[in-house]
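Hello,

Here is the structure I promised to pass on. Please open it beside this message; my notes follow below.

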Amino acid sequence: MNTIAGFKDDNLNPSRPPRGVLAPAGRARPRAPSALGIGWIHPLALSLLIFSLILTGCTALIEWGWDEPDQTFLKTHITTMERKPFDGVVLHLTVPGAPPGMENFSWHLADHRYQWEEVRPAVEELKAVPFRRFRHNFLRVNLNPDTRPLDLLDDQTWETVLANLGLAARIVREAGLKGLMVDPEGYVPRFNVFDYGRRAVREASFEIYRSAAFRRGQQAAAVLGETAPDLVLLFAFAYSLPCGSPNAESGGGDGLLPAFIDGILVAKPREMVVVEGYEPSYPFRYCHQFQEAYRRLRVKCRRLSLVPDRYDRDL
């Protein structure tokens, strides 16, 4: 089972004094980053890295914070950024030619069907970033929109989402990135596609929606694998957050997310890697907390999976 300890670095934000933070990223939209003040790392981040190396064999420390850069910022500041002891960064793609309000590709998978020629200039700029030390770089994609609801039974909108996921895989391949940082969080709770209580078709049963989530996961794996079969899908959380919900098995909270991940595990190419980011680990400070979290993933969270054999083999 792959896990990763998340360290969010706020030091790129010039409006704050330099400090390390362990907190959920994206509670607001990413702020404009600055290359100033990135000369140190919080000791806790180092301890998390060491523990993750010992426990899981993870060999990369990846920076992801509210200071999330786009391709233009990376091209300008990568030399300064690579002085930090990270192995890679999570980034978003800014598409200048997109419709107003749709410039951030990562946030609008359900809102606008991007075309390759539309994103190509941004991808060319990303390809021009002179990465040296950073070899584990991930393009962020948000599964939940923040301006409108998305429903698992809405075939038309999912056609757009799936087309954009396929395009995201092409961006990763063309730019030489490692994979996708997949963020399933519903930043606007009433729009959370993985919350059965927010469903659009009120008379549809939980089983119908869970089957739809499984099918959407299969479709996502198919379109991603067609373009980039060796893609790494680094989920901010997969089973870990629903596992902490008392009513996840009946669809509460993010209760439909496990079925979506199950669909990916079943349909993905063998070489595609799915990583559980375990977002609930942000406040952890001690080794026993990570050990207990690992046991939780292996036992309690596994019960949420419809395909426990694939869970054991491929997560």
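What percentage of the 315 residues in the chain is buried? The share is 57%. Keep in mind that this is a predicted model.

**Overall**

The chain has nine helices and eight strands. Take the contacts between residues at least 6 apart in sequence: 78% of them join residues at least 24 apart. The exposed surface of the chain comes to about 13,100 Å². Carbon and sulfur atoms supply 53% of that area.

**Two helix pairs**

Two packed helices are described by the angle between their axes and the distance between the axes. I looked at two such pairs.

Start with H2 (residues 71–81) and H3 (residues 116–127). Their axes come within 9 Å and cross at roughly 20°. Angles under 35 degrees count as roughly parallel, so H2 is roughly parallel to H3. The crossing of H2 past H3 is left-handed. On the H2 side, the contact uses Gln71, Thr72, Leu74 and Lys75. On the H3 side, Ala122, Glu125 and Leu126 take part. By class, this H2 and H3 contact has three nonpolar, two polar and two charged residues.

Now H5 (residues 206–227) and H7 (residues 257–267). Their axes lie 6 Å apart, at an angle of about 40°. That angle makes H5 oblique to H7. Here the crossing is right-handed. H5 brings Arg210, Ala213, Phe214, Arg216, Gly217, Gln218, Ala220 and Ala221 to the contact. H7 meets them with Ala259, Phe260, Asp262, Gly263, Ile264, Val266 and Ala267. By class, the contact of H5 with H7 has nine nonpolar, three polar and three charged residues.

**Helix H7**

Why is H7 described as largely enclosed by the rest of the structure? Nine of its 11 residues are buried, and that is the reason. The buried residues run as follows: Leu257, Pro258, Ala259, Phe260, Ile261, Asp262, Gly263, Ile264 and Leu265. Several elements cover them, including H5, S7 and H6. Helix H4 (155–175), strand S8 (273–276) and helix H9 (308–314) are also among the cover.

**Phe237 and Tyr278**

Phe237 sits in the loop between strand S7 (232–235) and helix H6 (240–243). Is Phe237 buried or exposed? Its relative accessibility is 1%, so Phe237 counts as buried. Leaving out residues up to four places away in sequence, Phe237 touches Pro184, Glu185, Pro242, Asp254, Leu257, Glu276, Tyr278 and Glu279. One of these, Leu257, is also on the list of buried H7 residues. Phe237 and Val182 are 55 residues apart in sequence. In space, their C-alpha atoms are 8.4 Å apart.

Tyr278, one of the residues touched by Phe237, deserves its own look. Tyr278 is in the loop between S8 and helix H8 (287–298). At 8% relative accessibility, Tyr278 counts as buried too. What is the phi of Tyr278? It is positive, at about 50°, although Tyr278 is not a glycine. Most residues other than glycine have a negative phi.

**Where to look**

For a quick tour, begin at the H2 and H3 contact. Move on to H7 and the elements that cover its buried residues. Finish at Phe237 and its contact with Tyr278.

Best wishes

Terms used:
Residues are numbered from 1 along each chain as its sequence is written. This is a predicted model: local features need pLDDT of at least 70, side-chain atom pairs count only at pLDDT 80 or more; totals for chains, interfaces and linings use all residues. Side-chain values use heavy atoms; hydrogens and water are left out. Helices (H or I, at least four residues) and strands (E, at least two) are DSSP runs, numbered from the N terminus. Buried means under 20% relative accessible area, exposed over 50%, partly exposed in between (1.4 Å probe, protein chains only). Contact means heavy atoms within 4.5 Å. Accessible areas come from the Shrake-Rupley method with a 1.4 Å probe; for residues, only the protein chains shown count as cover. Axes are lines fitted to C-alpha atoms, for helices over the stretch in contact, and angles run from 0 to 180 degrees between N-to-C directions. Angles under 35 degrees count as roughly parallel, over 145 as roughly antiparallel, 65 to 115 as roughly perpendicular and the rest as oblique. A crossing is left-handed if the near helix is turned anticlockwise from the far one by less than a right angle, and right-handed if clockwise. Ala, Val, Leu, Ile, Met, Phe, Trp, Tyr, Cys and Pro count as nonpolar, Asp, Glu, Lys and Arg as charged, and the others, Gly among them, as polar.
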